[in-house]
There are 2 protein chains.
Amino acid sequence: MLIVVDNQDRHGVLMEKKPKRRTRERIVETSLRLFNDFGEPNVTTTVVADEMNISPGNLYYHFHNKDEIIEEIFVVFEREIEETLAAPTRRLADVEDIWLFLHLLFEQIWKYRFFYRDLNDLLTRNRLLEIHFKQIMAHKVHTATILCEGLVSTGVMRATTQEVRALATNVAVLASYWLSFEYACDPRGKVESGRIGRGVYQVMAMFSPFLLDEAKGLLEKLSREYLKP
Amino acid sequence: MLIVVDNQDRHGVLMEKKPKRRTRERIVETSLRLFNDFGEPNVTTTVVADEMNISPGNLYYHFHNKDEIIEEIFVVFEREIEETLAAPTRRLADVEDIWLFLHLLFEQIWKYRFFYRDLNDLLTRNRLLEIHFKQIMAHKVHTATILCEGLVSTGVMRATTQEVRALATNVAVLASYWLSFEYACDPRGKVESGRIGRGVYQVMAMFSPFLLDEAKGLLEKLSREYLKP
């Protein structure tokens, strides 16, 4: 086992800090990639260290266990997805805004897909994730509701309050679990970000029957682009 | 460790077989209950044996590892859900048929909810589940398609082929992941089968905008019953 010596002293702070932070960052990046590719339950800290060609001891110097790495990734994920979810509430939305919003949302989920892959197990194991994911899910429903209300108020969409509520919840469910469904349907299929496009299309299909004339036409045009092989 | 002696002989077959099968059945029942309550990753065979007040050796006599128990549960689950999925294709459906079908489907999922809770991880670990779950998902989409086509052909619903395809897929996603979503939104909430009702309502809400006059009225009536606290 490699013994990691903390070289930091009053002269060395600037000189030494950089490479150390670099290792820490690389651990986080490598873990995220491996978690996404193979599923978090199948990746140990030893596997991460091995992939990076560093000793388990070196990794342990930065993170005492896998949960610390997961939480560090989660903090960044949460900040990014909360920003995405906050964006569309700033003005009344049109159909293209929704399309764009869904794209950004699916991209966030794709980038951190390991969280969604085994979500229930992670929530059971980790109190931080349990509390914060709950808020993220509620935020998703809230943002989808704001978007729908925007479309209704500009006359682009016709839906009752109850219909909007049900639709917004379904949007959150579908966005959160689309990749899991794709995976269950084809576990050995190529995992590529093209799956995002199909997800966006499926969510838009739920909006579609509530849209009026022009907006519906625009949606169908956008859909045709998406359904192209 | 308890040594289990196989008492079976040419005279004892009938006498001895019954209690042995009984233990096997109890292992399966207890495992299903514990997997559903605590999640399969959190339940070891030792926990199952302990819950039953039998020795790990006695359990091991019937099942060599947890995967053998999971597969035995899966075979029954698959038979039951395939029956449920086959039923509505026998005649043209109306709105109440869909409601009933969704109820049966959600009840199956509820009964075996641990499969859906950590589905991706189970699929990665078990080749049998990987292949068969893929078929179950495809069957769900197929049955939902048949139901929609039935509604369209009897003039109860108005939807294009493309809309039916998207809707049927969304029905399968929502039915499969509704409980996971409920759990993520409220991990410490009481886990009760009332969550099924909300799931059925959310799926019906996706059908709703495609339904015409009378059918839509019937759906709204059924929904009001469901939304009652």
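**Figure 1. Salt bridges across the whole model.** Let's start with the full count: this predicted model holds 28 salt bridges over all chains. One group forms a network of salt bridges in chain A, linking Glu40(A), Lys66(A), Asp67(A), Asp121(A) and Arg125(A).

**Figure 2. A salt bridge between Glu130(A) and Arg188(B).** Here the side chains meet with an N to O distance of 2.8 Å. The pair crosses between chains, reaching from helix α8 (residues 127-153) of chain A to the loop between α9 (161-185) and α10 (194-207) of chain B. Take a look at the surroundings of each partner: Glu130(A) is buried, at 7% relative accessible area, whereas Arg188(B) is exposed, at 57%.

**Figure 3. Lys216(B) and Glu163(A) joined by a salt bridge.** The closest N and O atoms lie 4.0 Å apart. This pair also crosses between chains, with Lys216(B) in helix α11 (residues 213-227) of chain B and Glu163(A) in helix α9 (residues 161-185) of chain A. Lys216(B) is partly exposed, with a relative accessible area of 22%, while Glu163(A) counts as buried at 19%.

**Figure 4. Glu182(B) and Arg198(B), a salt bridge within chain B.** The closest N and O atoms are 2.9 Å apart. Glu182(B) sits in helix α9 and Arg198(B) in helix α10, 16 residues apart, and the pair links distant parts of the chain. Glu182(B) is buried, at 9% relative accessible area; Arg198(B) is partly exposed, at 42%.

**Figure 5. How the two chains are related.** A turn of 180° with a shift of 0.0 Å along the axis lays chain B on chain A with an RMSD of 0.0 Å. That is the relation of a two-fold axis. Of the interface residues of chain B, 100% are also interface residues in chain A, so the copies meet through the same surface.

How values were computed
Residues numbered from 1 in each chain as written. Chains lettered and ligands numbered in written order. Predicted model: local features only at pLDDT ≥ 70, side-chain atom pairs only at ≥ 80, totals over all residues. Heavy atoms only, no water. Least-squares fit on C-alpha atoms with pLDDT ≥ 70 in both. Contact = heavy atoms within 4.5 Å. Helix = DSSP H or I, 4+ residues; strand = E, 2+ residues; numbered from the N terminus. Buried < 20%, exposed > 50% of the residue type's maximum accessible area, 1.4 Å probe, protein only.
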